[in-house]
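This briefing is meant for a reader who is meeting this structure for the first time. Please look over the sequence and the model before reading on.

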Amino acid sequence: MDAQLTRHVFDTEQVPAADRFGLWLDMLASTPGLMRVRTEHADNFVARSEFLDLGPMQLVRHRYPPLDAVRTRKLIQRSDADYYVLALTLAGTGITDQEGQRGICRPGDFTFYDCARPQEISHHGVDEDQPVSSIVAFIPYESLPLSSRRLAPLFAGRMSGDEGIGALLADYLIRLTGHPEQYHAADAERLGGVGLDLVSTLLGRHLVSEDAVPTEVRRRALLAQVRSHVRQHLGDPALTPQSIADAHHVSVRSLHRLFEDEETTVAAYIRDERLERCRRDLADAALADRPIQLVAGRWGFRDKAHFSRAFRTAYGETPQAYRARHLEAARIVNTAASAVNSGRTY
């Protein structure tokens, strides 16, 4: 069966109290954005970091004691600096300073900064003994369709995660880092792409004016909306380029141009998304009794022969063979697990 999206957990409680802060600093040194950290809890630094690699973007969900940190030019020279950071405060109050700008973020707020520029960070709770938490996205420069010069007005600013695109992005980050086991490892790159689309849209919305939003940002924002629309209507056989264009108040020609840089077409994107949903259902043991034609129909394939041809072209085998192979693999795993459990004594 398909592997789940895996998070890598770093937990200082696995070592003696005296070693925890040093171990956390070693971990921090291996990530982009090396900083010098000060804290009142260095003698017993109970912290946990959960990493998710999404291809074009890395997410880290942190929980740690209150702290202050600074990134100097010397530290920048010693570490990988070609990254932006988008941070969502979950608990406590975060304060970020960069190049004369300051953002004060409470739970539900975002801040954004450039790892190649000096910055100061403070993250504290109402109670100095209460841990604080955040979700941090490390984004390579080349993953955003915006230059550092254009983004500079946003550095160390505060952006709300309670409404609009901000709320959508916050929900995405919280759900993904909170329950990665609900997603497939094979979808990591695609999930990262969705995240980048949301980040680009959020940043674009917070530039000085709508006129200042670069064309590429508006293109990616519209693309994110179209993709979401397609995913929500996959089961509708009437889903076509024309219906999508009508729903977004653009011409079909403009819709096709939107996908030119995506190395696919609108029709191919719809087909591939439908096939992916069918593939997941066919590999799901809980749906083993559902006829293949019903699985196909659920995701918009009304012609059985057309579905079989498309599936075989995409995955190299018929839907029947794919289902049989994956269900047999699941049966073997379950049988082995039952044998192990039956041999245990309690």
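What follows describes the chain as a whole, then its two sheets, then some of its helices and loops.

The structure is a predicted model, and its chain holds 12 helices and 12 strands. Of the 346 residues of the chain, 47% count as buried, and the C-alpha trace spans about 70 × 65 × 35 Å along its principal axes.

**The chain as a whole**

- Among the contacts between residues at least 6 apart in sequence, 72% join residues that are at least 24 apart.
- The chain exposes about 17,600 Å², and carbon and sulfur atoms supply 50% of that area.

**The sheet of seven strands**

- An open sheet of 7 strands follows the order 1-3-4-11-6-9-12, with antiparallel pairing.
- Strand 1 and strand 12 stand at the edges of this sheet with a single partner strand each, so one side of each is left without a neighbour in the sheet.
- Neighbouring strands of this sheet are turned by 20° against each other on average, direction ignored.
- Strand 1 runs antiparallel to strand 3, to which it is joined by 4 bridges, and His-8 stands opposite Phe-51 in strand 3.
- Helix 4 packs on this sheet, where it touches strand 3, strand 4, strand 6, strand 9 (109-114), strand 11 and strand 12, and its direction makes about 75° with that of strand 4.

**Strand 11 within that sheet**

- Strand 11 (residues 132-140) has 9 of its 9 residues buried, so it is largely enclosed by the rest of the structure.
- In a regular strand the side chains alternate between the two faces of the sheet.
- Val-132, Ser-134, Val-136, Phe-138 and Pro-140 point one way from strand 11, while Ser-133, Ile-135, Ala-137 and Ile-139 point the other way, and all of them are buried.
- Strand 4 (residues 58-64) runs antiparallel to strand 11 and is joined to it by 7 bridges, with Tyr-64 standing opposite Val-132.
- Strand 6 (residues 83-91) is also antiparallel to strand 11, with 8 bridges joining the two, and Leu-88 has Ile-135 as its bridge partner in strand 11.

**The sheet of five strands**

- A further open sheet, made of 5 strands, has the order 2-5-10-7-8 and antiparallel pairing.
- At its edges stand strand 2 (36-38) and strand 8 (101-105), each with a single partner strand, so one side of each has no neighbour in the sheet.
- The average turn between neighbouring strands of this sheet is 10°, direction ignored.
- Strand 5 (residues 67-71) and strand 10 (residues 119-124) run antiparallel and are joined by 5 bridges, and Val-70 in this pairing stands opposite Glu-120 in strand 10.

**Helix 1 and helix 4**

- An α-helix has 3.6 residues a turn, so residues three or four places apart point the same way.
- In helix 1 (residues 17-29), the residues Arg-20, Phe-21, Trp-24, Met-27 and Leu-28 are buried, and they lie on the same side of helix 1 because they cover an arc of only 125° around the axis.
- Ala-18 and Asp-26, on the other side of helix 1, are exposed.
- The cover over the buried residues of helix 1 includes strand 1 (8-11), strand 2, strand 3 (48-53), strand 4 and strand 5.
- Helix 4 (residues 164-178) has 15 residues and reaches 21 Å from its first C-alpha to its last, which is close to the 21 Å expected at 1.5 Å a residue.
- Gly-166, Leu-169, Ala-170, Tyr-172, Leu-173, Leu-176 and Thr-177 are buried in helix 4, and their arc of only 160° around the axis puts them on the same side of the helix.

**Two loop residues with positive phi**

- Most residues other than glycine have a negative phi.
- Ala-156, although not a glycine, has a positive phi of about 65°, and its place is in the loop between helix 3 (148-151) and strand 12 (158-160).
- Ala-156 is buried, with a relative accessible area of 0%.
- His-249, which is not a glycine either, has a positive phi of about 60° and is found in the loop between helix 7 (241-247) and helix 8 (252-258).
- His-249 counts as exposed, at 74% relative accessibility.

How values were computed. Residues numbered from 1 in each chain as written. Predicted model: local features only at pLDDT ≥ 70, side-chain atom pairs only at ≥ 80, totals over all residues. Heavy atoms only, no water. Pairing = 2+ DSSP bridges. Axes fitted to C-alpha atoms, helices over the stretch in contact; angles between N-to-C directions. Buried < 20%, exposed > 50% of the residue type's maximum accessible area, 1.4 Å probe, protein only. Expected span 1.5 Å × (residues − 1). Arc of directions from axis to C-beta. Contact = heavy atoms within 4.5 Å. Areas by Shrake-Rupley, 256 points an atom, 1.4 Å probe, with all protein chains shown as cover.
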